[in-house]
Every structure is written in C-alpha cells, then in structure tokens.
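Please take a moment with the sequence and the model before reading on. The paragraphs below are meant to be read with both in view.

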Amino acid sequence: MIKSTLIFRDDGLPLCSSVDDDTDPSLSDQKKKIKVLISRFTPQAANEATLESGAYEIHYIRQQAVVYIVIVEKGYQRNLAFAYLSDIHQEFEHNYGNEYIKPSVRPYAFVSFDNFLQKTKKIYNDKRVQGNLDQLNSELLGVKQIMTKNIEDLLYRGDSLDKMSDLSASLRQDSKKYRKTAQKINFDLLISQYTPIALVAFFCVFLFWWVFLK
C-alpha cells in the first residue's frame, strides 16, 4: 500500500507532500530519513532507485530537477510504485513546469497538488485495479534493473547516491553481458545438438550420391 508521497526540488526545497496520518511515528521517521537523503543529492546521484527501510520501501525518480518519492509498505509491487511516480511526475510537470524552477518559490508552495496525489494514491491502492495496472505497466518500466539499497547504508554507513548511480550502471552492464553470454550458450547448445544430425544427413546424401549417381 502507498503510504506517503513527497516532491522535492533537487536542491532540497520541498515542493509538496501528501497529507498523511501524522500519528504514525514510523512513517514520520521515514520522512526524516528522506529529508537527510535529499540533502545529499548531487548531479551524479542515481536518477531512480529503491531504498529498503524497515517495514517500508522508498522508491524515487528524478526528472527535470525534481525528485518524486513514494513510501510504500514492503511487498507493494515495484512496477506499480514506479508507474505511480511516473503519473505524478507527468501531472506535476504539466501543472507547474514553469513555476517550480523560480528562485522565489517558497517551501511547500504546491500543496494544492495533494488533491491529485490523494486521488491517484486511491487508484493505485485499490486491489481491484492493481492487477490491470500491473499488467499494463509491467512492460513499460524496466524495474528489474533499478538499483535497490538499504537506506541505512546511505545515511549512516558512508555510502553515497553517486555510488548507487555507478552500481546501477554496472548492474545494467552486467545484465547486457549476461544476455550476450546466455545467447552464446544457447547457440553453442544448438550447434552441439544439431551438428551430429547434420553430419549424419551429409553422410547419407554423400552415400546416396556415391552409390546411385556417381
């Protein structure tokens, strides 16, 4: 289930946050961690990632100098979470693309966007439509190659978002190498499987030619 949505400019300015249950201390703790995380963003930081944090997962994408973040319960499907973020990004950019970049923008200047956040969250939390959304979006987002990291590693153990970007790129390269290796193995298997048959067929054709046509 989607629990909370936060939108920051990548210089750390909060632009919008969904209205959530403020009595949940664990959710408040996740938001505090996210604020620390945002403060460590650099131009080289990963543009999309999943962060594991206790009973939650934090997914984010960065588009047009804006970071879109969603906190979900562990087990919520990743492709749905990133599809949700994509919808949020498109609508926010459509409504405020010429405004959030202004230096005069105040923190949480776009709180009215919460109306769209609540409506969209309700759709993505509805189990009756999750199956259809999952099917529609599973082939649109390559979430299998999105870097996953424990948020504690980033906040308290010295890892960086820049390093995540490098690891994510490495993951994509490894995936390409794996596909090439798998293709070569499949080709070698085909060769080993059909070469004896081809040799036997060639021998039979040669024998037929030698006996009857020569």
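What follows moves from the chain as a whole to its aromatic pairs, then to its salt bridges, and finally to a single serine.

The model is predicted, and its chain has six helices and six strands. Followed along the sequence, these elements come in the order β-β-α-β-β-β-α-α-α-β-α-α. The chain comprises 214 residues, of which 38% count as buried, and it exposes about 13,000 Å², with carbon and sulfur atoms supplying 57% of that area. When contacts between residues at least 6 apart in sequence are considered, 64% of them join residues at least 24 apart.

The aromatic side chains offer a way into the interior. The count of aromatic pairs comes to ten. One of them brings Phe41 and Tyr60 together in an edge-to-face arrangement, with 5.4 Å from centre to centre and 70 degrees between the planes. Because Phe41 lies in the loop between helix 1 (25-39) and strand 3 (48-53), while Tyr60 belongs to strand 4 (residues 56-63), this pair ties together parts that are 19 residues apart in sequence. Phe41 and Tyr60 are both buried.

Another pair, formed by Phe92 and Tyr96, is tilted, with 5.0 Å from centre to centre and 55 degrees between the planes. Here both residues lie in helix 2 (residues 78-96), where they are four residues apart, or about one turn of the helix. Phe92 is buried, its relative accessible area being 0%, and Tyr96 is buried as well, with a relative accessible area of 13%. Phe92 and Tyr96 also belong to a cluster linked by ring pairs, which includes Tyr68, Tyr100, Phe110, Phe113 and Phe116.

Charged side chains form a further set of links, and the count of salt bridges comes to four. In one of these, the side chains of Asp11 and Arg9 meet at 2.9 Å, N to O. How do the two partners stand with respect to the surface, buried or exposed? Asp11 has a relative accessibility of 52% and therefore counts as exposed, whereas Arg9, with a relative accessible area of 13%, is buried.

A second salt bridge joins the side chains of Lys31 and Asp20, also with a distance of 2.9 Å, N to O. This pair links distant parts of the chain, since Lys31 is in helix 1 and Asp20 is in the loop between strand 2 and helix 1, eleven residues apart. Lys31 has 16% relative accessibility and so counts as buried, and Asp20, with a relative accessible area of 13%, is buried too.

Asp20 has another partner, because its side chain also meets that of Lys121 in a salt bridge of 3.8 Å, N to O. Lys121 lies in helix 3 (residues 114-125) and Asp20 in the loop between strand 2 and helix 1, so this pair ties together parts that are 101 residues apart in sequence. Both Asp20 and Lys121 are buried, and Asp20, Lys31 and Lys121 are linked in a network of salt bridges.

The last stop is Ser17, which lies in strand 2 (residues 14-17). Ser17 has a relative accessible area of 17% and is therefore buried, the cut-off for that class being under 20%. Leaving aside residues up to four places away in sequence, Ser17 touches Thr5, Leu6, Tyr108, Asp114 and Leu117.

Definitions and conventions: Residues are numbered from 1 along each chain as its sequence is written. This is a predicted model: local features need pLDDT of at least 70, side-chain atom pairs count only at pLDDT 80 or more; totals for chains, interfaces and linings use all residues. Side-chain values use heavy atoms; hydrogens and water are left out. Helices (H or I, at least four residues) and strands (E, at least two) are DSSP runs, numbered from the N terminus. Buried means under 20% relative accessible area, exposed over 50%, partly exposed in between (1.4 Å probe, protein chains only). Contact means heavy atoms within 4.5 Å. Accessible areas come from the Shrake-Rupley method with a 1.4 Å probe; for residues, only the protein chains shown count as cover. Rings of Phe, Tyr and Trp (its six-membered ring) pair if their centres lie within 6.5 Å; planes under 30 degrees apart count as stacked, over 60 as edge-to-face and the rest as tilted.
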